[in-house]
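Biologist: Could you take me on a close look at one part of this model, the barrel and what packs around it? I'd love one connected walk-through that I can follow on screen.

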Amino acid sequence: MTRTQLVMANWKQQGSEPALKHWLSEVSVPDLAKLSRVLCVPLPYLAALRQQRATLQSPVLAGAQLVSAWSGGAYTGEVSAAMLREFGVAYTLVGHSERRQWLQETADSRRAQLAALWQQGITPVLCVGETAAQHQQGQTFAVLWQQLAEVLDPQPAPGPLVLAYEPVFAIGSGQPLSAPDAQQVHQQLRQLLQHWYSAADCQQIRILYGGSVNSNNAAEYLRYPDIDGVLVGSGSLKADSFNTLCRAIAAVNTSQCVALP
Ligand code: PGA
């Protein structure tokens, strides 16, 4: 399997420029050949991130948490994919549950965001996940199907895609879905993707788990064959715990994944 592990830090609406500078000066993990790290900062900090990334010994890619559905024009407050690219953004979150819930983003908007990112050569990280009620009612599969279909139908993506499976009840709750349960969903997601992609392409798409991941539990997820990385919110704010988390993941030997029944 050739999928590179991916650890994404999502700072949400948190941090400051001094905090970012401090984080970047502290972040340092040796031997990361098989692990990519992305830091999704609030937009105003992209310039500082670009400036300081250039001096880092241990690479961190730039990520954004949002993008405009429009490519440009009179849309006050919006930031286009082309602008993100100017600041070296390589990955951008789309459809995070907090934006679905609080910002009322629609499927049409998500679809347009994906198209805008692909046009600029930025990899979208499409976040999907069910609520606690949907989970309890056994609707996980149906919800994920709907969340994929509404943006991928009728055409498959014209560019690279990363999925982040984040059950809504696990986000910020301190109650992560267990790694074996996450593996089951990831396996289903990979099967669902076959509706739009060839079997070979499905094997290349990285699927991250997110929701209360921290330096103590992160490595456990990577021991499962369909979990290719993690999306980390509060557990990424402090550089030392983020370093510990990355080291723990890098130490997982993926050729000895947990055997599935
Ligand atoms: P959390 O957030 O790690 O704080 O649960 C994850 C996310 O929302 O991406």
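Modeller: Happy to; here is a walk around the barrel, then through the helices and the core. Please keep in mind that this is a predicted model.

Let's begin with the barrel itself. Eight strands close into it, in the order β1-β2-β3-β4-β5-β6-β7-β8, and the pairing is parallel. On average, neighbouring strands of this sheet are turned by 25° against each other, direction ignored.

A good place to zoom in is β7, residues 206-210. Five of its five residues are buried, so β7 is largely enclosed by the rest of the structure. Both of its faces are covered: Arg 206, Leu 208 and Gly 210 lie on one side, Ile 207 and Tyr 209 on the other, and all of them are buried. As background, the side chains of a regular strand alternate between the two faces of the sheet.

On one flank, β7 pairs with β6 in the parallel sense over four bridges, and here Ala 164 stands opposite Leu 208 of β7. On its pairing with β8, β7 is joined by three bridges, again running parallel. Leu 208 has Gly 229 as its bridge partner in β8, while Gly 210 is partnered there by Leu 231.

Moving on to β8, residues 229-232, you will find that Gly 229 and Leu 231 point one way and Val 230 and Val 232 the other way, with all of them buried. Strand β8 is also joined to β1 (residues 5-10) by four bridges, and the two run parallel. In that pairing, Val 7 stands opposite Val 230.

Elsewhere in the barrel, strand β2 (residues 35-40) is joined to β3 (residues 61-64) by three bridges, and these two strands run parallel. If you click on Val 38, its bridge partner in β3 is Leu 61.

Now for the helices that lie across these strands. Helix α2, residues 46-53, lies across β2, β3 and β4 (89-94), and it runs at about 170° to β3. Helix α8, residues 179-193, lies across β5 (123-128), β6 (162-165) and β7, running at about 145° to β7.

The helices also pack on one another. Helix α1 (residues 17-26) meets α2 at an angle of about 25°, with the axes 10 Å apart. That angle makes α1 roughly parallel to α2, and their crossing is right-handed. To see the contact, show Glu 17, Leu 20, Lys 21, Leu 24 and Ser 25 in α1 together with Ala 48, Leu 49 and Gln 52 in α2.

A second helix pair is α5 (residues 107-119) with α7 (residues 140-152), which pack at an angle of about 60° with their axes 8 Å apart. That makes α5 oblique to α7. The crossing of α5 and α7 is right-handed. The contact brings Ala 107, Arg 110, Arg 111 and Leu 114 of α5 to Ala 149, Glu 150 and Val 151 of α7.

While you are at α7, have a look at Gln 147, which sits in that helix. Gln 147 counts as buried because its relative accessibility is 10%, and the cut-off for buried is under 20%. Setting aside residues up to four places away in sequence, Gln 147 touches Arg 100, Val 128 and Gly 129. Gln 147 and Cys 127 are 20 residues apart in sequence, with 8.9 Å between their C-alpha atoms.

That brings us to the nonpolar core. In soluble globular proteins, nonpolar side chains tend to be buried together. Here the largest nonpolar core has 68 residues, and those with the most contacts inside it are Leu 39, Leu 148 and Leu 189. The largest share of this core, six residues, comes from α8. There is also a second, separate core of 12 residues, which includes Val 38, Cys 40, Val 162 and Leu 231. Two of these names have come up already: Val 38 is the partner of Leu 61, and Leu 231 is the partner of Gly 210.

To finish, centre your view on Leu 148. Leaving aside its neighbours within four places in sequence, Leu 148 is in contact with Leu 126, Val 128, Asp 153, Leu 163, Leu 189, Leu 192, Leu 193 and Trp 196. Among these contacts is Val 128, a residue that Gln 147 touches too.

Terms used:
Residues are numbered from 1 along each chain as its sequence is written. This is a predicted model: local features need pLDDT of at least 70, side-chain atom pairs count only at pLDDT 80 or more; totals for chains, interfaces and linings use all residues. Side-chain values use heavy atoms; hydrogens and water are left out. Two strands pair if DSSP finds at least two bridges between them. Axes are lines fitted to C-alpha atoms, for helices over the stretch in contact, and angles run from 0 to 180 degrees between N-to-C directions. Contact means heavy atoms within 4.5 Å. A nonpolar core is a set of buried Ala, Val, Leu, Ile, Met, Phe, Trp, Tyr and Cys residues joined through side-chain atoms within 4.5 Å. Buried means under 20% relative accessible area, exposed over 50%, partly exposed in between (1.4 Å probe, protein chains only). Angles under 35 degrees count as roughly parallel, over 145 as roughly antiparallel, 65 to 115 as roughly perpendicular and the rest as oblique. A crossing is left-handed if the near helix is turned anticlockwise from the far one by less than a right angle, and right-handed if clockwise.
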